[in-house]
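Colleague: Got a minute to walk me through this one? I'd like to go over the core, the backbone oddities and the rings.

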Amino acid sequence: MKNHTSYLSTNRRMFLKAAVLSVCLLPVVTSCSEEELLEPKPLTSLADVEAFSNPDRVLAQVNGLYSSVKNGQFLGGRYFIYVDVRGEEFLNVSNNGVTALQTWNHTNNSGSNEPTNLWNQAYLAINRINLFLEGLDANPTVIDAALASQYKGEARFLRALTYLSMVQLYAQPYTKDNGASLGLPLRLQGEVGTGNNDLVRSTVAQVYAQILEDLNFAEQNLAATNASAALNTTRAHKNTAIALKTRAYLAMGRYADVVTEAAKIVSATAPYRAATGVAHQLQASVTTVFTNYTTTESILSMPMSSNDLPGTQNGLASYYMPIVGIGDYSLNPNGIIGNAAFTATDARRTSFVKNDFTGDAGRIRLTKFPTGPQHTDYVPVIRYAEVLLNLAEAKARLAAGVDADALALLNAVRGRSTPTAVYATMADKAALVDAILLERRIELLGEGFRSNDLLRQNLPLPAKANIQAVTVAASVYIWPIPQGELNVNKLAVPNP
């Protein structure tokens with residue numbers, strides 16, 4: 001398998017030990033002993049039954065999967081940076097070659113660090129997930145069947161989240177050709193050697209089919225709720241899987257399926273709330289979501305603490321905030337903050353858009369993630385606001401005219417932050433869709449959506465500063481398959 005060759009290579013055990021060690025530093029883990037901290041027992045093969053010798057060790061493995069996914073090179077920080085700075089909302093300030101500069105200016109190639117490092121970390125996480133699933137099956141008597149099914153649901157949810165994140169960066173949009181383009185090597189078995197490195201790239205459609213299969217399994221087997229608000233935010237439950245399905249179906253242009261899934265966790269009328277499982281709903285103030293990380297609006301977040309940080313130059317605040325971070329990226333005055341829809345009195349502007357930092361030359365900054373120099377902001381992966389906007393867009397696109405439900409959902413998100421600027425009506429269907437897409441840019445600014453939203457609509461990546469627009473036919477419209485993968489996986493081929 002690729003990540004055991006070009007990424008882990010001869011240091012495989014060192015990296016796996018480090019990954020397992022980080023399990024014991026997660027805020028949600030309480031069972032790691034001092035002995036385990038000093039001499040962790042990583043899962044490196046299915047024969048390593050010690051990893052499944054008792055319920056505490058199995059739980060440690062589960063938390064280790066979350067730790068792998070939330071690595072700073074992946075969903076602990078950089079993935080969201082990369083997706084956003086590929087769009088037009090941010091301007092590069094530092095010209096720092098190690099903080100997403102090539103992603104911002106669209107100069108990544110197959111040998112570049114940014115696509116290579118993210119690919120390696122994502123496939124490391126996938127392999128750990130696969131090993132865990134196989135190890136759990138090989139040790140069926142350690143925990144009861146119901147708990148084992150829940151843990152499998154969590155593992156498969158994380159695998160779906162990882163593949164969904166990757167397929168939107170490294171492959172053509174599903175909506176381009178109904179998924180007929182080359183996707184990713186779809187690795188579904190655990191590897192401890194290099195014997196199965198060679199694996200063809202599945203189509204985009206096949207990758208999405210696996211994502212949905214994993215999410216459907218997760219929905220059926222996850223707990224309805226976890227034991228605390230913190231665990232409801234940092235570990236998956238049924239509604240987490242449902243919410244991610246709305247994102248996947250939206251990316252596929254399967255709007256009726258978005259509506260079907262969202263209806264499970266969104267009431268028919270305002271105030272919108274999930275009727276079963278965790279009672280997800282919008283918070284009264286958007287600022288609450290970024291100060292209290294475990295509200296019912298936060299469906300899934302990657303937790304950080306002073307003992308469990310995203311790593312150097314990985315934290316979101318490091319990129320967007322001067323003083324507490326490097327501040328590599330400022331907001332583009334010609335991006336969404338220059339749009340009239342983002343009103344001067346909008347709470348998202350007054351709370352999260354600042355230009356008064358000393359010595360910062362009046363640059364406009366995003367302050368959703370303010371902590372530093374230790375970047376302990378939780379990383380928001382799925383929020384209820386996104387689900388409402390997913391549903392609003394799907395309903396709007398399906399309707400023949402202006403859909404009243406879609407308008408009400410849009411106004412629920414918009415009205416929370418700018419109640420005097422809600423939309424009384426819309427001229428037509430196209431205007432409503434445009435308004436929802438604008439609202440996504442405002443509400444989800446800096447949370448890793450912008451370029452993915454452009455790609456699923458088969459739109460170019462807009463020009464910014466001195467960087468020209470990227471057409472849908474350009475080779476850099478999607479990220480390259482890393483050269484390291486091509487070197488060791490003889491059946492993989494680069495993007496056309």
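What follows is a short round of questions and answers on this model.

Modeller: Before we start, this is a predicted model, where local features need pLDDT of at least 70, side-chain atom pairs count only at pLDDT 80 or more, and totals for chains, interfaces and linings use all residues. Residues are numbered from 1 along each chain as its sequence is written, and side-chain values use heavy atoms, with hydrogens and water left out.

Colleague: Which helix gives the most residues to the largest nonpolar core?

Modeller: A nonpolar core here is a set of buried Ala, Val, Leu, Ile, Met, Phe, Trp, Tyr and Cys residues joined through side-chain atoms within 4.5 Å; buried means under 20% relative accessible area, exposed over 50%, partly exposed in between, with a 1.4 Å probe and protein chains only. The largest one has 129 residues, and F157 and V266 touch the most other members. Helices are DSSP runs of H or I with at least four residues, strands are E runs of at least two, and both are numbered from the N terminus. The top contributor, with 13 residues at 145-170, is helix α7.

Colleague: What does F157 touch, and how many residues are in the second core?

Modeller: Contact means heavy atoms within 4.5 Å. Leaving out residues up to four places away in sequence, F157 touches L215, A218, A236, T240, A241, L244, L300 and I382. A separate second core includes L454, L461, Y477 and I478, and its residue count is six.

Colleague: Which residues does L455 touch?

Modeller: L455 lies in helix α19, residues 450-456, and counts as buried because its relative accessibility is 3%. L455 and L169 are 286 residues apart in sequence, yet their C-alpha atoms are 9.2 Å apart in space. Not counting residues up to four places away in sequence, the contacts of L455 are R86, Q168, P173, T175, L461, Y477 and I478.

Colleague: On to the backbone: what is omega for the cis bond from G372 to P373?

Modeller: There is a cis peptide bond from A270 to P271, with omega near -5°, and P271 lies in the loop between α12 (255-262) and α13 (286-289). P373 lies in the loop between β7 (365-366) and β8 (379-383). For the bond from G372 to P373, omega is near 5°.

Colleague: A100 and H106 have positive phi without being glycine; are they buried or exposed?

Modeller: A100, with phi of about 70°, lies in the loop between β1 (90-92) and α5 (101-104). H106, with phi near 60°, is in the loop between α5 and α6 (113-138). A100 is at 0% relative accessibility, so it counts as buried; H106, at 11%, is also buried.

Colleague: What is the angle between the planes of Y293 and Y378?

Modeller: Phe, Tyr and Trp rings (six-membered ring for Trp) pair if their centres lie within 6.5 Å, and planes under 30 degrees apart count as stacked, over 60 as edge-to-face and the rest as tilted. The structure holds 14 aromatic pairs. Y293 and Y378 are stacked at 4.6 Å centre to centre, and the angle between the planes is 10°.

Colleague: How far is the charged end of R156 from the centre of the F217 ring?

Modeller: A charge sits over a ring if NZ of Lys or CZ of Arg is within 6 Å of the ring centre and within 35 degrees of the ring normal. R349 lies over the face of F342, at 4.5 Å from the ring centre. For R156 over F217, the distance is 4.4 Å.
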